[in-house]
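Reader: Hello! I am new to this structure and would love a patient, close look at one spot, followed by a walk outward to other parts.

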Amino acid sequence: MKMSSLETQTEFHKKSETTAPFDVQLRGSTDFVLITDHRTSQYRSKEQLLNKSEEEEQSCMRKIFRKKILYKRLPILQWLPKYTVADAIGDLIAGITVGLTVIPQGLAYSSVAGLPTQFGLYGSFMGCFVYVILGTCKDSTVGSTAIASLLTYQVAKGVWQRAVLLTFITGIMEICMAIFRLGFLVDFVSGPVSAGFTSAVALIISTSQVKNILGVKSEGSSFIQRWISMINDIHNIHVNDAILGCCCVAILISLRFVGRIKLGPKDTREAKWYHSLMNRIFWFMGVMRNATLVITCAGISMYLESQGKHYFRLTGHVPEGLPIPAVPPFSIESKPGNETLGIPPVEGESFFTMISNLGYGLVIVPMIAMLENISVCKAFAKGKPIDATQELFAIGVANVANSFFQGYRGNGGLARSAVNNASGVRTPLGNLYIGLVVMFALVYLTKYFYYIPLTVLGAIIISAVIFQLQYHVVKPMWRSKRSDLIPGVVAFITCLVLPLEIGILIAIGVNMLFILYHSARPKVSLETIETLEGYKFLKLTPDRCLIFPSVEFVRNLILKSGNKTSLPVVLDCTYIYGADYTAAKVISSMVEDFKGRGQKLIFFNLKPSVVQIFEGLKCNLVLCYNAESLLEELKKPETPSMEAECDLPSSLMFDTGNGDNHSTASTITLTKYRTKY
């Protein structure tokens, strides 16, 4: 086999440079030339520096405002020129339908966040307007969600100034994460951890609303403490509220299943007109169940109140009108309380005190929000690629806009987006109509919100979140990989017992321990192979890279296997795509161990990038890259001092660093490799 050395390559490059055209040899950068004329050097150099900086600014601006970048970062430019009348009708119908769903949800979720009722609506319109311009998923809508509301409560502790500041800061953080492309952080939250977290959130939120249905006290910060508090106060149950709440939960769940009824043949082309009409009526009943129930119960309550009959606890006064745009509160002013009116005093907080009180929530909330938003986009992507960076940027800007209108965190809600999709939305412009419906409600309907029974809002939340229990993933995980249940169960239990931000961190940490354990304990296959010529050797094949957690385990296994036989040991490095300094140091000592007892250790198919790492410590490796060179090496006797040659192929395909074995490869020329003992 013909071999070429590195010296030959160097000479070839030098010759190619020498024989190149004269103008090519002298080609260089002319962006800045310093004139040394004593009369003009100072002024010329300044002028050229200014010209260079202007050219760099213009080049940077051209890159930023390229058509491709603008279309990617302003998705409205892609679909707006193609907008049709049919799109407008579809978006209008879907926007009004979802808007009527958002209003009762916003009123209900504000109690989950521990905030006054109006704050649920304050955070449900500006984010929609922003998403029209920056959003990529036509089905996604931005507003109050169960997870965002519960996280806001556990982080802000029911103080609206903290909740608004949390919205602002986490929005800024999401924008920064999008700029630095940190969307990959969501990959550290595995499926089992996400399922356990979502299930715990569903139970916690349901528990928080049981107090509204039963009319009992619910105190404490954890799931168990709330149930103990409610059981201790069960003798103060409001019977009317309890009956109405249980009936509302039953009605909402029934209407949910009614909305899925399909009459007629499965092939829609064979369905009669009355089949389509009835299916549409059933669907409308399922979609509008929340709004219908709220309107009906509010009407009944209004009538009873006019008759002087106070059967139910009501929502109470909701401020009329839109919130006044203002900068998010960066501090809290202290206010004295009023014992006569039962108003507690308000303690003042500086900006740094508020940040300290928000704590881990500033990191956890954007992570969970990103996970929730990407999940919504994936659910309706239909196989299309998702621009996670743009979605992160859109949600970040939406929440910054929310914070200027006293709104708390808004994310993309899966249930609300499903209604949007089923309503026939065509483009993200449907969010515009959702926001307008919410604004209309704040301006004209708040006086009627007074009569909505609290138990109805609790029933709406319970009937929505109870279906977020991820019990259906347990059986598939048990059948596929049972160990995945451990981080899921840990996430479920810790999020129930501890604050959510602490629970999810512990669950992610446990999941990372599993990953580190698997990386530290690679599987190594051992087999004794005999060639046709009668040469035997022991072959060991690790299934992953050699890094500091795993290399000592692999070394001990190789030494242990080598001590049991006098056969040459061949380490198949096909799957070793990376290594580090610690691995090189351990491999170097292992080579010396084999040399000391006169046993051959051959590295087969070791990638050049890994060879360079090992050679940094001058490891005397015996390398082989094909069966012929391996056979020749096996034929050679092992002596205390010898020179071993391994023929390498004249060209070798190696990974360019993309982390994918099927990525584009490059061809390099290798020298004949010699190792000396």
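Let me start with Met177: does this residue count as buried or exposed, and what is its relative accessibility?

Author: Happy to help! Please keep in mind throughout that this is a predicted model. Met177 counts as buried, because its relative accessibility is 9% and the cut-off for buried is under 20%.

Now for its surroundings. You will find Met177 in helix H10, which covers residues 160-179. Leaving out residues up to four places away in sequence, Met177 touches Leu182, Gly183, Leu185, Pro366, Met370 and Leu392. Pro366 deserves a second look: Met177 and Pro366 are 189 residues apart along the chain, yet their C-alpha atoms are separated by 9.3 Å. If you follow the chain on from H10, you enter the loop between H10 and helix H11 (191-214), where Arg181 lies. Arg181 is not a glycine, but its phi is positive, near 55 degrees.

Next, let us step back along the chain to helix H9 (residues 146-156). Ten of the eleven residues of H9 are buried, so this helix is largely enclosed by the rest of the structure. Among the buried residues are Ile147, Leu150, Leu151 and Val155. After H9 comes Lys157, which has a positive phi near 60 degrees.

A charged residue makes a good next stop. Arg416 sits in helix H19 (residues 414-422). Arg416 is buried and has no salt bridge; Glu372, the nearest side chain of opposite charge, is 7.1 Å away. A salt bridge needs the nitrogen and the oxygen within 4 Å. Arg416 does have polar company, though. Its side chain makes a polar contact of 2.8 Å with the side chain of Thr141, and a polar atom of the Arg416 side chain lies 3.3 Å from the backbone oxygen of Asn411. Beyond its neighbours within four places in sequence, Arg416 is in contact with several residues, including Val98, Val102, Gln105 and Ser144.

What about charges that do pair up? The structure holds eleven salt bridges. In one of these, Arg73 joins Asp387, with the closest N and O atoms 3.4 Å apart. This pair links distant parts of the chain, since Arg73 is in helix H4 (residues 67-73) and Asp387 is in the loop between helix H17 (361-379) and helix H18 (388-403), 314 residues apart. Asp387 is partly exposed, with a relative accessible area of 22%, and Arg73 counts as partly exposed at 23%.

Another salt bridge joins Asp241 to Arg313, with the closest N and O atoms 3.0 Å apart. Here too, distant parts of the chain are linked: Asp241 is in helix H13 (residues 239-258), while Arg313 is in the loop between helix H15 (289-306) and helix H16 (351-358), 72 residues apart. Asp241 counts as buried at 1% relative accessibility, whereas Arg313 counts as partly exposed at 24%.

Finally, let us visit the strands. Five strands form an open sheet of mixed pairing, in the order E3-E4-E5-E6-E7. At the edges are E3 (524-530) and E7 (622-624), each pairing on one side only. On average, and ignoring direction, neighbouring strands are turned by 30 degrees against each other. Helix H26 (residues 548-563) packs on this sheet, touching E3, E4 (536-542) and E5 (569-572), and its direction makes about 165 degrees with that of E4.

E3 and E4 run antiparallel and are joined by seven bridges. They form a hairpin with five residues between them, and Gly534 in the turn has a positive phi of about 95 degrees. E4 is largely enclosed by the rest of the structure, because five of its seven residues are buried. A salt bridge also connects the two strands: Lys539 and Glu527 have their closest N and O atoms 3.8 Å apart. Lys539 lies in E4 and Glu527 in E3, so the pair ties together parts that are twelve residues apart in sequence. Asp572 joins Glu527 and Lys539 in a network of salt bridges.

Further along, E4 and E5 pair in the parallel sense over three bridges, with Leu540 partnered by Leu571 in E5. E6 (residues 601-604) and E7 also pair in the parallel sense over three bridges, and the bridge partner of Ile602 is Val622 in E7. Helix H29 (residues 627-635) lies across E4, E5, E6 and E7, at about 175 degrees to E6.

Notes. Residues are numbered from 1 along each chain as its sequence is written. This is a predicted model: local features need pLDDT of at least 70, side-chain atom pairs count only at pLDDT 80 or more; totals for chains, interfaces and linings use all residues. Side-chain values use heavy atoms; hydrogens and water are left out. Helices (H or I, at least four residues) and strands (E, at least two) are DSSP runs, numbered from the N terminus. Buried means under 20% relative accessible area, exposed over 50%, partly exposed in between (1.4 Å probe, protein chains only). Lys and Arg count as positive and Asp and Glu as negative; His and the chain ends are not counted. A polar contact is a pair of N or O atoms within 3.5 Å; within protein, one must be able to donate a hydrogen and the other to accept it, and residues adjacent in sequence count only if both atoms are side-chain atoms. Contact means heavy atoms within 4.5 Å. Two strands pair if DSSP finds at least two bridges between them. Axes are lines fitted to C-alpha atoms, for helices over the stretch in contact, and angles run from 0 to 180 degrees between N-to-C directions.
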